[in-house]
Amino acid sequence: LDQVEHFYVPPDCQNDKNNQAGRKPLRVMVEDFLDTFQTKHKVLLLQGDAGTGKTTFTQLMERWLWQDFKNKKIVPVRIELRRLSAEEAKSCVSAALGGDAEVQKLRMLGLPFVFIFDSYD
């Protein structure tokens, strides 16, 4: 991922596909979302054609959130849905966090979680 980040060309995005004037770097848009997600927004859907860098962005986003954990205090949980069957997907959040006991421990800390689901096709 270090080499990928070195060559990564960050994409731009917009809130509305009909509003080209509202384009921003994707990372800025996601950071704006994260700054307000606890009070305003709950879901951010990132869409794009195959090969446009959505998976790479989610990998880097997870990394960036861990690197900035001291400041933001957000726990990123990235789950690749393509690796799961429909049945496994139902319990993937608990499993990704290490099971129900670990989820309870993390909840007691009062930290917000950001669930990053990749390959939602």
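So, contacts along the chain: if you take the contacts with a separation of 6 or more, 53% of them join residues 24 or more positions apart. Keep in mind that this is a predicted model. The chain has 121 residues, and 26% of them count as buried.

What is the chain built from? There are seven helices and four strands. Going along the sequence, the pattern reads α-β-β-α-α-α-β-α-α-α-β.

Okay, the inside. In soluble globular proteins, nonpolar side chains tend to be buried together. Here, the largest nonpolar core has 15 residues. Which of those have the most contacts inside the core? That would be Leu26, Val30, Leu34, Phe57, Met61, Trp64 and Val114. As for the elements, H2, H3 and E4 each give this core at least two residues. There's also a second core, separate from that one, with six residues, and Val75, Ile79, Leu81 and Phe113 are among them.

Let me pick two residues from the big core and walk around them. Leu26 sits in helix H2. Its relative accessible area is 7%, so Leu26 counts as buried, the cut-off being under 20%. And what does Leu26 touch, once you leave aside its neighbours within four places in sequence? The list is Pro11, Asp12, Cys13, Leu46 and Phe57. You can also look at Leu26 against Pro10: they are 16 residues apart along the chain, and their C-alpha atoms are separated by 7.0 Å.

My other pick is Met61, over in helix H3. Met61 has 12% relative accessibility, and that counts as buried. Not counting residues up to four places away in sequence, Met61 is in contact with Val30, Val114 and Ile116. Take Val30 out of that list: it is 31 residues from Met61 along the chain, with 8.8 Å between the two C-alpha atoms.

Now on to empty space. Rolling a probe the size of a water molecule over the atoms shows where empty space is left. In this model, the largest pocket holds about 820 Å³ of space. It has 31 lining residues, and the ones nearest the centre of the pocket are Leu44, Leu45, Leu46, Ile116 and Phe117. Which elements give two or more residues to that lining? Helix H2 (26-36), helix H3 (54-67) and strand E4 (113-118) do. Sort the lining by class and you get 17 nonpolar residues, nine polar and five charged. We've met a couple of these names already: Leu46 was on the contact list of Leu26, and Ile116 was on the one for Met61.

Next, the aromatic rings. How many aromatic pairs does the structure hold? Four. One of them is Trp66 with Phe69, a tilted pair with 5.7 Å from centre to centre and 40 degrees between the planes. Are these two buried, or partly exposed? Trp66 is partly exposed, at 44% relative accessibility, and Phe69 is partly exposed as well, at 24%.

While we're at Trp66, let me place it for you. Trp66 is in helix H3. Leaving out neighbours within four places in sequence, Trp66 makes contact with Val75 and Pro76. Its C-alpha atom is 10.0 Å from that of Val77, eleven residues away along the chain.

Another aromatic pair is Phe113 with Phe115, and that one is stacked: 5.8 Å centre to centre, with 15 degrees between the planes. Phe113 counts as buried at 18% relative accessibility, whereas Phe115, at 33%, is partly exposed. Then bring in Phe117, and you have a cluster: ring pairs link Phe113, Phe115 and Phe117. Remember that Phe117 is also one of the residues nearest the centre of the largest pocket, and that Phe113 belongs to the second core.

One oddity in the backbone before I stop. Lys73 isn't a glycine, and still it has a positive phi of about 55 degrees. Where is it? Look in the loop between helix H4 (69-72) and strand E3 (75-80). Lys73 has a relative accessible area of 38%, so it falls in the partly exposed class.

Terms used. Residues are numbered from 1 along each chain as its sequence is written. This is a predicted model: local features need pLDDT of at least 70, side-chain atom pairs count only at pLDDT 80 or more; totals for chains, interfaces and linings use all residues. Side-chain values use heavy atoms; hydrogens and water are left out. On a 1 Å grid over the protein atoms alone, a cavity is a set of points where a 1.4 Å probe fits but cannot get out, and a pocket is an open set with protein on both sides within 12 Å along at least five of seven lines; lining residues have an atom within 4 Å of a point. Grid points are joined across faces, edges and corners, and a volume is the space filled by probe spheres set on the points. Ala, Val, Leu, Ile, Met, Phe, Trp, Tyr, Cys and Pro count as nonpolar, Asp, Glu, Lys and Arg as charged, and the others, Gly among them, as polar. A nonpolar core is a set of buried Ala, Val, Leu, Ile, Met, Phe, Trp, Tyr and Cys residues joined through side-chain atoms within 4.5 Å. Buried means under 20% relative accessible area, exposed over 50%, partly exposed in between (1.4 Å probe, protein chains only). Rings of Phe, Tyr and Trp (its six-membered ring) pair if their centres lie within 6.5 Å; planes under 30 degrees apart count as stacked, over 60 as edge-to-face and the rest as tilted. Contact means heavy atoms within 4.5 Å.
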